[in-house]
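This briefing covers the internal cavities of a protein–DNA model and the protein surface along each DNA strand. The points are grouped by topic.

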There are 2 protein chains.
Amino acid sequence: MNGVPADQDERARDEQALDETMRALAEPRRRAILRLVAHEELAAGEIAAAFEVSRTAVSQHLTVLKGAGLLVERREGTRRLYRARPEGLAGLRDFLDEAWTASLDVARRLVEADRAQLVGGGQEVRDAG
Amino acid sequence: MNGVPADQDERARDEQALDETMRALAEPRRRAILRLVAHEELAAGEIAAAFEVSRTAVSQHLTVLKGAGLLVERREGTRRLYRARPEGLAGLRDFLDEAWTASLDVARRLVEADRAQLVGGGQEVRDAG
DNA sequence: CGCTAACGTTAGCGCGAACTGACACTCGAA
DNA sequence: TTCGAGTGTCAGTTCGCGCTAACGTTAGCG
């Protein structure tokens, strides 16, 4: 089951989810917010008090983070408590591991090709694909 | 050696480096480029041919990725070959692991607090900090 | 009901960033 | 040195996004 349209759709969906995660985490303040609620559950007001921007801005950041699945919201009276959602980082974790291993692999292959070139004396070595 | 100004500077430097990494990876095309050069070393023209945007745009993307330390450039005649640089992902890897473990920890503590509340019958349990 | 606290939402503004097109540069070959 | 291939760089435009201010909403109290 490789290369079928259903697999393409799944790939596209993963990419879209990863894109949302990355765009959410690309903002320094959103990373700071995530760090806060990763250590303890906090109310929107408490989170906003930790920064020097308006509560409106923080609320929008919380909306983005929640939309990316990086946060979960729990209501308690008029207050809204937020905490980090570890599973939201799974997609990014997969991407990172994949890129990491692939990068190490291409580096290893280049070293081998370079060594082969030194031994063989300039033969064709760039056909590895 | 904790909490001293030198540590703050190091923290700030790490955050800035992480910010550059995240902003570079926030762009879908840049992630696609990184995937390409993570599997094999490619020239700028070959990379550009893989997308439907102008070579100018791809060149700018390559500049950003190189600036973030995610790519290395190697010149061969008029061609410029690029390949992924695994160490550039180290900072993001650290952030991810930290956020992951912290999120799991706060989730575990909340479950314990909830269980204690069920057993104790509504006693004060939200002082865990 | 009126009132307040705690939030989210909308409209509008300003900045940064991604894209295109034109130009400049650097090799290698004739 | 003249030419073409392969790339980087510089304006200029468009567009997304983070911010603020004002308004709307919901929960709890008297």
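In this predicted model, α5(A) contributes four residues to the lining of the largest cavity, more than any other element. A search of the whole structure finds two cavities of 30 Å³ or more. The notes below take these cavities in turn, then DNA strand D, DNA strand C and one arginine of chain B.

**Largest cavity**
- The largest cavity holds about 40 Å³ of space.
- Its lining consists of Phe95(A), Glu98(A), Ala99(A) and Ala102(A) from chain A, with Arg35(B), Ala38(B) and His39(B) from chain B.
- Two elements each supply at least two lining residues: α5 (90–120) of chain A and α2 (28–39) of chain B.
- By class, the lining of the largest cavity has four nonpolar, one polar and two charged residues.

**Second largest cavity**
- About 30 Å³ of space lies in the second largest cavity.
- Chain A lines the second largest cavity with Arg35(A), Ala38(A) and His39(A), and chain B does so with Phe95(B), Glu98(B), Ala99(B) and Ala102(B).
- Here α2 (28–39) of chain A and α5 (90–120) of chain B each give at least two residues to the lining.
- The most lining residues of the second largest cavity come from α5(B), which gives four.
- The lining of the second largest cavity divides into four nonpolar, one polar and two charged residues.

**DNA strand D**
- DNA strand D is surrounded by 24 residues, and the closest are Arg29(A), Ser54(A), His61(A), Arg55(B) and Tyr82(B).
- Sugar or phosphate accounts for 72% of the atoms of DNA strand D within 4 Å of the protein, and bases account for the rest.
- From chain A, a polar side-chain atom of Arg29(A) is 2.6 Å from a phosphate oxygen of DNA strand D, and an N or O atom in the side chain of Arg30(A) is 2.9 Å from a phosphate oxygen of this strand.
- From chain B, the side chain of Ser59(B) places an N or O atom 3.1 Å from a phosphate oxygen of DNA strand D.
- At least two residues of the surface near DNA strand D come from each of α2 and α4 (55–67) of chain A, and from each of α3 (44–49), α4 (55–67) and β3 (79–84) of chain B.
- With five residues, α4(B) gives the most to the surface near DNA strand D.
- The surface near DNA strand D has five nonpolar, twelve polar and seven charged residues.

**DNA strand C**
- Around DNA strand C there are 23 residues, the closest being Tyr82(A), Arg29(B), Ser54(B), Thr56(B) and His61(B).
- Of the atoms of DNA strand C within 4 Å of the protein, 69% are in sugar or phosphate and the rest are in bases.
- An N or O atom in the side chain of Tyr82(A) is 2.2 Å from a phosphate oxygen of DNA strand C.
- In chain B, polar side-chain atoms of Arg30(B) and Ser54(B) lie 2.8 Å and 2.6 Å, respectively, from a phosphate oxygen of DNA strand C.
- Two or more residues of the surface near DNA strand C come from each of α3 (44–49), α4 and β3 (79–84) of chain A and α2 and α4 of chain B.
- By class, the surface near DNA strand C has five nonpolar, twelve polar and six charged residues.

**Arg29(B)**
- Arg29(B), one of the residues closest to DNA strand C, belongs to helix α2 of chain B.
- Arg29(B) has a relative accessible area of 39% and is therefore partly exposed.
- Beyond four places away in sequence, Arg29(B) touches Phe51(B), Val53(B) and His61(B).
- Arg29(B) and Phe51(B) are 22 residues apart along the chain, and their C-alpha atoms are separated by 8.4 Å.

How values were computed
Residues numbered from 1 in each chain as written. Chains lettered and ligands numbered in written order. Predicted model: local features only at pLDDT ≥ 70, side-chain atom pairs only at ≥ 80, totals over all residues. Heavy atoms only, no water. 1 Å grid on protein atoms, 1.4 Å probe; cavity = no way out; pocket = protein on both sides within 12 Å on 5 of 7 lines; lining within 4 Å. Points joined across faces, edges and corners; volume = space filled by probe spheres on them. Nonpolar A, V, L, I, M, F, W, Y, C, P; charged D, E, K, R; others polar. Buried < 20%, exposed > 50% of the residue type's maximum accessible area, 1.4 Å probe, protein only. Contact = heavy atoms within 4.5 Å. Near = heavy atom within 4 Å. Polar contact = N/O pair within 3.5 Å; in protein donor to acceptor, adjacent residues only side chain to side chain.
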